[in-house]
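This report describes the structure shown below, beginning with its strand pairing. Sections on aromatic contacts, overall composition and model confidence follow.

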Amino acid sequence: MLRHLRASAPRAIGASSSGTSTGIKSYTFTFARSIRSSTNFAAIQAREAAGLRYPIANPRPFSSEVSDDNDDVTPDEDAPLPPPRRKTESLQRDIILESLPVTFADISRANVAIRAGVKRTPCIKSYFLSELLGANIFLKAEFQQFTGSFKERGARNAILTLLREMGEEKLRETGVIAASAGNHALALAYHGKDLGVPVTVVMPTVAPLAKVDKCRKFGAKIIIYGAHIGEAKEYAETLIASEGLEYINGYDDPPIIAGAGTIGIEIIEDVPCVDAVVVPVGGAGLIAGVSCAVKTLKPDVKVYGVEPEFAASYIAATNAGKPVPTKITPTLADGLAVPMVGPHAFEVARHYVDECVTCTEKEVSLAILRLIENEKMVVEGGGATGLAALLPGAKLDRPELKGKNIVVPLCGGNIDTTVLGRVLERGLAADDRMKNFVATVSDRPGGIARLTTLLGDHGASIKDMYHERAFLHSNIDHVHVKVVVELQGKDHAQKIEKVLTEHGYAPVWDDADHKKMI
């Protein structure tokens, strides 16, 4: 009875308002669970037919519905009769969840399968961030995986699944293929080499050279094609038939989602008191797996998704009721810049995720800065979006989350050093610790010296200075000076502005205002 039987999900699942299916195939559900549920329902109907009344047991926290484990409850004539329709809805929900592309059973099997080849990352409480945010913040350090991201979990599980289904000899003769510009390519190349399976990766021309070289070192066959990941994927699909390769989607294949979901199991085991989990969202594979695992083990936990405001494909899918193409703008969280979420991932996530919000570029850069300064953790933009949404003034800076136990997966740490330098400067600017202003000074000897002396006397460190003489319409004896200074924070910036104004420099902060002035 514990064998899995094929059963198609109800037509409502994955179908648009026009009746168009998202292309999700039928998947399995546990036969034993359905037999148990139908048996309980039959017992309820028998009680009601006999006119018996009974108390309600513990309700399901995440659906506010009656538990289906009431068979052993002693009938009570004085207890109110529960509405039978709610019971029916609860059973129907269970059947729907078990019919999704990925279930908790799939995640549990993946957890056992990948255990020998993937690191169990720590879930560390951050005392500095907890004090800053007014909640108990736990950081799940997925960037500590060998290739630097959580993608290893899904990649290994996907290869192991194909080895089991196709046979080791056949898969090792043909191999697998994927299109990726970064973390998925690295994870697939590394675990393909470890499991003896040939890996081909199609990478766009914009892929970082450091990641291309790492993939080659892992023994993967690298093909550079296309201006972006979309063109690279189209070319990879042409090789599936011609070379007999198996394509592995980095965020939408069910084994990939199940592998990512093992993070949720570890979160519940390491932080059993967790109240909320805040997960970065790109193609939605990570949040689909994590939310399924977390909600199954502890239904009252809130699961929030966070995506960059320049790549809000999950929110667009939620509004449309199905995955839809979304306009993408370059973002610091480049690993999350997916134009359309995966249909399988979205179908799972929409049943479990409580809410998805966006974060700004300023918040992402500030989150990276906070992690480096307070936790000595180097995390890429996409990996820091969960924390970005919790920062003061961000979308999840809410009263109901204050004092709660919040887990934030830091899902990747593969950031280029050149990009890191620019991000840190943006973070300092967002934190009011690096400011620029334009001031008018005398163009006679000693004019600039007096300005720099004044700044030095009040603790401002000059990082850069630029003179503007030609494009002015003011007194010929004066010059505009653009100054970049390093400060100690917002209060210090306000102090410097006040001092400059008192000495007649009339500083104008921000480039936009400078353009207006000249």
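## Strand pairing and the open sheet

In what sense do strand 3 and strand 4 pair, and over how many bridges? In this predicted model, strand 3 and strand 4 (residues 136–141) pair in the antiparallel sense, and four bridges join them. One position can be read directly from the pairing: Ser126 has Ile137 of strand 4 as its bridge partner.

Both strands belong to an open sheet of six strands with mixed pairing, arranged in the order 3-4-12-9-10-11. The edges are taken by strand 3 (123–126) and strand 11 (355–359); each has a single partner strand, so one side of each is left without a neighbour in the sheet. From one strand to the next, the twist averages 30 degrees.

Elsewhere in the sheet, strand 9 and strand 10 pair in the parallel sense over five bridges. Val278 stands opposite Tyr304 of strand 10. Either sense of pairing is possible in general, as strands of a sheet pair through backbone hydrogen bonds in a parallel or an antiparallel manner.

## Surroundings of the sheet

Helix 10 (residues 254–270) lies across four strands, namely strand 3, strand 4, strand 9 (276–280) and strand 12 (405–410). Relative to strand 4, helix 10 runs at about 135 degrees.

Is strand 10 (residues 302–308) largely enclosed or largely open? Six of its seven residues are buried, so strand 10 is largely enclosed by the rest of the structure.

## Aromatic pairs

The structure contains six aromatic pairs. In the pair Tyr225 and Tyr235, the ring centres are 4.4 Å apart and the planes meet at 20 degrees; because planes under 30 degrees apart count as stacked, this pair is stacked. Tyr225 lies in the loop between strand 7 (221–224) and helix 9 (229–243), whereas Tyr235 lies in helix 9, 10 residues apart. Tyr225 has a relative accessibility of 40% and therefore counts as partly exposed. Tyr235, at 27%, likewise counts as partly exposed.

For Phe437 and Trp509, the ring centres are 4.9 Å apart and the planes are at 50 degrees, so the pair is tilted. Phe437 belongs to strand 13 (residues 434–442) and Trp509 to strand 16 (residues 508–509); the pair therefore ties together parts that are 72 residues apart in sequence. Both Phe437 and Trp509 are buried. In addition, Phe146, Tyr190 and Phe218 are linked into a cluster by ring pairs.

## Overall composition

The secondary structure of the protein comprises 19 helices and 16 strands. Of its 518 residues, 51% are buried. Among contacts between residues at least 6 apart in sequence, 71% join residues at least 24 apart. The exposed area of the protein is about 24,000 Å², of which carbon and sulfur atoms supply 53%.

## Model confidence

The mean pLDDT of the protein is 82, and 80% of the residues reach 70 or more. Over residues 50–73, however, the pLDDT is below 50, although this stretch has 68 contacts in the model beyond near neighbours in sequence. The pLDDT also stays under 50 over residues 511–518, where the model has 13 contacts beyond four places in sequence. Where pLDDT is low, predicted coordinates should not be read in detail.

Methods. Residues numbered from 1 in each chain as written. Predicted model: local features only at pLDDT ≥ 70, side-chain atom pairs only at ≥ 80, totals over all residues. Heavy atoms only, no water. Pairing = 2+ DSSP bridges. Helix = DSSP H or I, 4+ residues; strand = E, 2+ residues; numbered from the N terminus. Axes fitted to C-alpha atoms, helices over the stretch in contact; angles between N-to-C directions. Contact = heavy atoms within 4.5 Å. Phe/Tyr/Trp six-rings, centres within 6.5 Å; stacked < 30°, edge-to-face > 60°. Buried < 20%, exposed > 50% of the residue type's maximum accessible area, 1.4 Å probe, protein only. Areas by Shrake-Rupley, 256 points an atom, 1.4 Å probe, with all protein chains shown as cover. pLDDT = per-residue confidence, 0-100.
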